[in-house]
Structure formats: C-alpha cells, structure tokens
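Visitor: I should like to go through this structure step by step. May we begin with the model itself and let each answer lead to a value or a name?

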Amino acid sequence: VRVELVTVGDELLLGDTINGNAAWLGRTLAGHGIEVTRSVVVADQQDEIIQAVQEALGRADAVITTGGLGPTYDDLTRDALAVAAGVPLTRDPELERRLRERAVAMDRPFVPMVLRMAEVPEGARQLPNPAGTAPGLRITLPGGPVYALPGIPSEMRALVEAEVLPLLLRDAPAGVPMARRILRTAGVWESVVAARLAPVEALDGVRLAYLPDSGEIRVRITATGPDASIVLAAAEEQARELLGHAVYGSGDETLDRVVHRLLAERNATVGTAESLTGGLIGAELTAMPGSSATYAGGVVAYATPLKTALLGVSAALLADGGAVQAQVAAEMAAGVRERLGATYGLAVTGVAGPEPQDGHPVGTVHIAVAGPDGRPQTVSPALPGTGSGERRRVQIRRLTVVHALDLLRRIILGLDVESSWRDDREDREASS
Ligand code: ATP
C-alpha cells in the first residue's frame, strides 16, 4: 500500500511544533512494509485540507491526516472531509454523552463548543481512541480511504496501533516479503562503515542505508525477496563480522542502555566526572528507569580548582599544563571512582569552544575510564565538529558523550582500546 500523509496545523508551518507525527508515521508504517510516498503540511484552512487530501488520493492508495479534530473553530479537518465527501456532519448522541460525562468527571464546565467533537461526517466510521475521547475517523472519498487522526502525538500513535494499521494491512495486497534490521555503531566514521560493508551491499536482495547522528551511525539492512528473513540473517552476520567491536547494539538498543546492561550483568556501577559536558553524561546514564542500579552519581567539576577540591586532581599538574590534558582526565576518573565508591570512573575534559583554551584547539577532548584494576585508560579523540559557534559547541559536547559512553563500553568488555582507536584512525586515513 502506498500512503500519503497530510499533517494539519499552522503551528507546524510556523515551526512552533516539530512534525513528529509525520516522522513517527513514516517510521512505523515502513516497519510494517507500508510505504509513505509523500507527506505535506497544510494550514488550518478547510479548502487547503480538502485540496491536499484530494491530490494525495490521486496518487496514493490511502491518506492519513493528523490534527484539526479538536473542538475549536480552527479545527477544520472533519468539516473538510465532510465537504470533500459531499455529506453533512451529524451529531453522534453516544459521543456527546461521553464528552458530557468527561466534563463532569474532570469537574469542568461543559462548553458547547466541545460538541463539535461529537460531529461525524455521515457514513464515516469512527475509530475508537484508546488514549483520549475524540475518535479518529475513516471516511471513503472518491479516490480511496482517508484516516483522520488527532494531532496529539500520544492519541495519534495509540489510534494507529489499535485501529489504522490493522485496516491498512487488511487492505494491502500481498507484496514482496521484506525484512529489516538496524545495527548501531559508535565512534567510527560513516565512510569507514560504508567501506567495510561494501561486500554486504553487493549481496543480492540486500540494501543498506546509513543513518548518522552525532558520533553514531545506524546501519539499516533491508532484505527483500521470498527468503527475506534468511537473507537478512546472513547479511547481519556478515556485517557484524566486518564491523567488529564498532557495533554496540541493534534495533532500539541505545548506547546508554547497552552500558547499563553491561554494568548490571557484572553487578558494577559507574561514577562520572565531567568538565566540558557539564553533566550531559550523567543525564544520559540516568535517562532510563532502573538506572540507579548502575549509576552511582557524578561530579561536574567545571572550574579548574574544583578538579582538585572535589576529585583530587594534582594541583601541580593543573598549574603546569592546565585542565585540558589526558593526565587530568585520568586523575578525574580515578578520583571520582574512589570518592564515589564506584566500580568504574568515567571522566571527560576538553574544549567545546567557541574559543580555543590554553592553546588547545576547539574539539580537543580527553576521555578516561578508571576500572577495577585502578589503572586509568585514556583516549584523546579530536572531535572538531562542524559549523561554528553555539551549534558546533552543542555538537562537540554530544560527540563527547557518545565517545565517552563507547569507551566505557569497550573497557567493560575488555576490548583493546588503544588498537581499536588506532584501527579507526587508519581506516579514516585509508578512506579519505
Ligand atoms: P485536540 O483535540 O487537542 O484539539 P487536534 O486533533 O485538534 O487535537 P491539534 O489541535 O491540531 O490536534 O494539535 C494538538 C496538539 O498536538 C498540538 O498543539 C501539538 O502540540 C500536537 N501536534 C499536532 N500536530 C502535530 C504533529 N504533526 N507532530 C507533532 N505534534 C503535533
């Protein structure tokens, strides 16, 4: 099935709201083999909505709209669909009863405007909303079916999963089987990943896509054909072999989750000492529920004297060479590990910019991990980022977080940190 999206809302055109609905729909439908072939954003205007939906139905098998189903007079999707179908809106007494009940339950006055949400284009099917009161609608127009969903992301998602996907899949002609898998890598360059995966790319019925994002590359492997899942399994195995330790996970498994899992499996904890990232690593390591089992805590030692006061970094070392040195990162890692009583200490220091510091260029970063053997290991990647000013600063800090978590992962796994970094550098030179 080919589906087009029409997302409705002035706030999307103005850039006040990011079009997360379109992104989620694209990803989710693709995951079920349904192709989103076009996506447009239109204003809260009846004629714009009608035109966009009709044009989309001229090309696609079905259209999904989001937004404009609410009670206010700028919510115009249901009116637009009624006009496009040439049918009147009729009030559904059952829906009206539920809306009135909800007002009572929430101890709110009943505003007559809310009754707009009880109006349904004649002949449209209501799609029960598992996450809210206003239902979605399925209406058949001359070009095909339109699924109208609320704009609120949680309601839209719940409706797609419960109602829309089953209907779209029911209507889908049996297509060519397809299987997909995402492998996640960190700390290597896109060109390196692509160069290493050339043999996988050459396999029959296999397509690769590279999805880079701040120091991480997700590789999407798609296999098509009657044996899609067997072909996919073979392609994945080969890709993992070629990429080696650069692969940290697959699917939705993010780096922080992998680190958490590795620590939990060993009954181990980590403490963080951060300078240029100002707590971003701690935030990442506490993002998931249950992180208290593996995250001890962190110290943000931004000002140089605090690196001595809070972490025990040698004052002479700091006076001698400043805060941006590998040895400072090493002492921060050892200090935080000891003071917090954690199994591992993870530390970062460096220059996020926009100005160089103590003669070190922007993007100089030192990362250290102190483990149970007490001997800190450091790496010093150059993470210059791109662009300038604040954007670049954001990017360098994010790159540092990814590289730091990945170093911790490698050390927990007992991988040879030095050589894996050297390999990456050689690859980088070879592919540039
Ligand atoms: P409601 O019943 O709340 O009025 P609705 O169907 O009328 O829902 P909108 O009023 O268009 O939907 O949007 C409600 C909220 O949902 C918006 O304020 C916005 O925060 C969010 N939203 C709408 N469209 C999108 C979108 N395409 N992507 C992400 N969020 C969206």
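**A guided reading of the model**

Guide: Just after helix α4, Gly86 adopts a positive phi of about 70°. The coordinates come from a predicted model.

Visitor: How many of the residues of helix α4 are buried?

Guide: Helix α4 spans residues 77–85. Its buried residues are Thr77, Arg78, Asp79, Ala80, Leu81, Ala82 and Ala84. The helix is therefore largely enclosed by the rest of the structure, and the count of its 9 residues that are buried is 7.

Visitor: What share of the residues of the protein chain counts as buried?

Guide: The protein chain has 16 helices and 17 strands. Its C-alpha atoms fill a box of roughly 80 × 60 × 40 Å along the principal axes. Of the 432 residues in the chain, the share that counts as buried is 47%.

Visitor: What percentage of the contacts with a separation of 6 or more comes from residues 24 or more positions apart?

Guide: One such pair in sequence terms is Ala330 and Ala368, which are 38 residues apart along the chain and have C-alpha atoms separated by 5.1 Å. For the protein chain, the percentage from residues 24 or more positions apart is 67%.

Visitor: Is Ala330 buried or exposed?

Guide: Ala330 belongs to helix α14, residues 326–340. Beyond its neighbours within four places in sequence, Ala330 touches Ala368, Pro376 and Thr378. Its relative accessible area is 7%, and the limit for burial is under 20%. Ala330 is therefore buried.

Visitor: Which helix holds Arg409, and what is the relative accessible area of this residue?

Guide: Arg409 is found in helix α15, which covers residues 389–412. Apart from neighbours within four places in sequence, Arg409 is in contact with His245, Ala246, Val247, Tyr248, Leu255, Val258, Val259 and Leu262. Arg409 counts as buried, with a relative accessible area of 2%.

Visitor: Where does Thr277 lie, and at what relative accessibility?

Guide: Thr277 is placed in the loop between β13 (270–274) and α11 (280–285). Its contacts, with neighbours within four places in sequence left aside, are Val348, Arg397, Thr400 and Val401. Thr277 counts as buried because its relative accessibility is 0%.

Visitor: Which residues are closest to the ligand?

Guide: The shell around the ligand draws at least two residues from each of α1 (10–13) and α2 (20–31). In total, 19 residues surround the ligand. The closest are Asn19, Leu69, Gly70, Asp75 and Gly151.

Visitor: What part of the accessible area of the ligand does the protein cover?

Guide: A nitrogen atom of the ligand is 3.5 Å from a polar backbone atom of Ile18, and a nitrogen atom of the ligand is 3.2 Å from a backbone N or O atom of Gly20. A polar backbone atom of Gly151 lies 2.9 Å from an oxygen atom of the ligand. On its own the ligand has 610 Å² of accessible area, and the part covered by the protein is 74%.

Visitor: Where is the cis peptide bond that involves Pro354?

Guide: Most residues other than glycine have a negative phi, and most peptide bonds are trans. Pro354 sits in the loop between β15 (344–350) and β16 (365–370). Omega is about 10° for the cis bond, which joins Gly353 and Pro354.

Visitor: Does Asp358 count as buried or exposed?

Guide: Asp358 is located in the loop between β15 and β16. Its phi is near 50°, a positive value in a residue other than glycine. Because its relative accessibility is 52%, Asp358 counts as exposed.

Visitor: What is the relative accessibility of Ser214?

Guide: Ser214 lies in the loop between β10 (206–213) and β11 (216–224). Ser214 is not a glycine, yet its phi is positive, at about 40°. Ser214 counts as partly exposed, since its relative accessibility is 26%.

Visitor: Over the face of which residue does Arg100 lie?

Guide: The structure holds 0 aromatic pairs. Arg100 is placed at 4.4 Å from a ring centre, over the face of that ring, and the ring belongs to Phe110.

Terms used
Residues numbered from 1 in each chain as written. Predicted model: local features only at pLDDT ≥ 70, side-chain atom pairs only at ≥ 80, totals over all residues. Heavy atoms only, no water. Phe/Tyr/Trp six-rings, centres within 6.5 Å; stacked < 30°, edge-to-face > 60°. Lys NZ or Arg CZ within 6 Å of the ring centre and 35° of its normal. Helix = DSSP H or I, 4+ residues; strand = E, 2+ residues; numbered from the N terminus. Buried < 20%, exposed > 50% of the residue type's maximum accessible area, 1.4 Å probe, protein only. Contact = heavy atoms within 4.5 Å. Near = heavy atom within 4 Å. Polar contact = N/O pair within 3.5 Å; in protein donor to acceptor, adjacent residues only side chain to side chain. Areas by Shrake-Rupley, 256 points an atom, 1.4 Å probe, with all protein chains shown as cover.
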